[in-house]
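Please load the model in a viewer and keep the selection panel at hand. The tour proceeds by selections, each followed by a description of what is found there.

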Amino acid sequence: MRFEIVTIFPGFFASIFENGILRRALAEGLVEVGIHDLRAFTHDRHRTVDDRPFGGGEGMVLKPEPIAAALASIGVEPKFTEASQENSARPTVILLSAQGRPFTQSLAREIASLDRVVLLCGRYEGVDERINQLYCDMEFSIGDYVLSGGELAAAVVIDAAMRLLPGVLGNEASSEFESFGVPDADIATEVEGVPRSQHGAGGLLDYPHYTRPAEFAGLKVPEPLLNGDHQAIRRWRREQQLRKTLVNRPDLLEQAKRSGALSRKDLEFLEKLR
């Protein structure tokens, strides 16, 4: 899989790709990343990439010409041209902006299924909307807040999608048995000895995790995790998953209820908590 990043700050990504799982994935050739400096596609002495908005108002807007030239340099044509529609290998172009749809784990899975993705990092007040109309297939926001630019968001998208690729994680089940993971029924990975009843998270949050020592600062690991009873472990993990989701993300419970992902026992437990 290959990511192309269009940005006015190419140096921003240096340390991000030199650490952790991203570094290993790049070193092993599981992921490729191309970084393209938007200022390299300007033609004035000041390398200008922005201008004042029509209609007035605060801030500056990224100009369309440099972006179009940068996209053309990596083989991206406007969506509606005949050549583009005939090109089955055309990469998916994603604009990162505060106005985009919320980026989620399901979208990360969708991106991970693609061969080539172009991430366009917005800046200032945003990108000339004609670029969005002509070139972009998706528009993502990583949260209900405003960043100085799309570079941080691009790094988030790459990390979230990349770790879902085969071979990137040391244990491929890790991307299934976690917060926002797929339901148990959709998990093909068999993990010997792991009580699986719940986890596939089914879009809910993960349960709490503990490791050695069994007691720390006066707090003990919950008893069900110590007795080796897989049924008790499954029940405890499911209940803790529901408890944590109720406290931190009750909106996810409503989604799970509408989709039928909550069992009668789940609903009874939640009612007791409330």
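## The aromatic cluster

Select Phe13 and Phe17: both residues are buried, where buried means under 20% relative accessible area, exposed over 50% and partly exposed in between (1.4 Å probe, protein chains only). This is a predicted model, in which local features need pLDDT of at least 70 and side-chain atom pairs count only at pLDDT 80 or more, while totals for chains, interfaces and linings use all residues. Residues are numbered from 1 along each chain as its sequence is written, and side-chain values use heavy atoms, with hydrogens and water left out.

A pair of aromatic rings is described by the distance of the centres and the angle of the planes. Rings of Phe, Tyr and Trp (its six-membered ring) pair if their centres lie within 6.5 Å; planes under 30 degrees apart count as stacked, over 60 as edge-to-face and the rest as tilted. The structure holds four such aromatic pairs. Add Phe12 to the selection: Phe12 and Phe13 form an edge-to-face pair, with 5.1 Å from centre to centre and 80° between the planes. Phe13 has a relative accessibility of 1%, whereas Phe12 is partly exposed at 31%. The pair of Phe13 and Phe17 is stacked, at 5.9 Å centre to centre with 10° between the planes. Ring pairs thus join Phe12, Phe13 and Phe17 in a cluster.

## From Phe12 to the surface

Keep Phe12 selected; it is located in the loop between strand 1 (2-7) and helix 1 (20-27). Helices (H or I, at least four residues) and strands (E, at least two) are DSSP runs, numbered from the N terminus. Now add Phe9, Tyr145, Leu147 and Leu152: together with Phe12 they make up a nonpolar surface patch with about 440 Å² of accessible area. Patches are made of residues with over 30% relative accessible area and no salt bridge; like charges are joined within 9 Å, and nonpolar side chains (Val, Leu, Ile, Met, Phe, Trp, Tyr) within 5 Å. Accessible areas come from the Shrake-Rupley method with a 1.4 Å probe, and for residues only the protein chains shown count as cover.

## Strands 1 and 2

Select strand 1 next: five of its six residues are buried. Strand 1 pairs with strand 2 in the parallel sense over six bridges; two strands pair if DSSP finds at least two bridges between them. Within this pairing, Glu4 has Gly34 of strand 2 as its bridge partner. Glu4 also belongs to a network of salt bridges that links Arg2, Glu4, Glu32 and Arg116. A salt bridge is a side-chain nitrogen of Lys or Arg within 4 Å of a carboxyl oxygen of Asp or Glu.

## Further salt bridges

How many salt bridges does a search of the whole structure find? The search gives eleven.

Select Arg47 and Asp37, whose side chains form a salt bridge at 3.6 Å, N to O. Arg47 lies in the loop between strand 2 (32-37) and strand 3 (50-51) and Asp37 in strand 2, so the pair ties together parts that are ten residues apart in sequence. Arg47 is partly exposed at 36% relative accessible area, as is Asp37 at 22%. Inspect the backbone of Arg47 as well: its phi is positive, about 55°, although the residue is not a glycine.

Move to Arg123 and Glu151, which meet in a salt bridge at 3.0 Å, N to O. Arg123 lies in the loop between strand 6 (116-121) and helix 5 (129-135) and Glu151 in helix 6 (residues 151-162), so this pair connects parts that are 28 residues apart in sequence. Are Arg123 and Glu151 buried or exposed? Both are buried.

Then select Arg249 and Asp251, joined by a salt bridge at 2.8 Å, N to O. Arg249 is partly exposed at 32%, and Asp251 is partly exposed at 34%.

## Backbone stops

Select Arg212 and Pro213, which are joined by a cis peptide bond with omega of about 5°. Pro213 lies in the loop between helix 6 and strand 8 (215-216). Continue to Ala217, in the loop between strand 8 and strand 9 (219-220). Ala217 has a positive phi of about 50° although it is not a glycine, and is exposed at 72% relative accessibility.

## The whole chain

Finally, select everything. The protein contains nine helices and nine strands, and 42% of its 274 residues count as buried.
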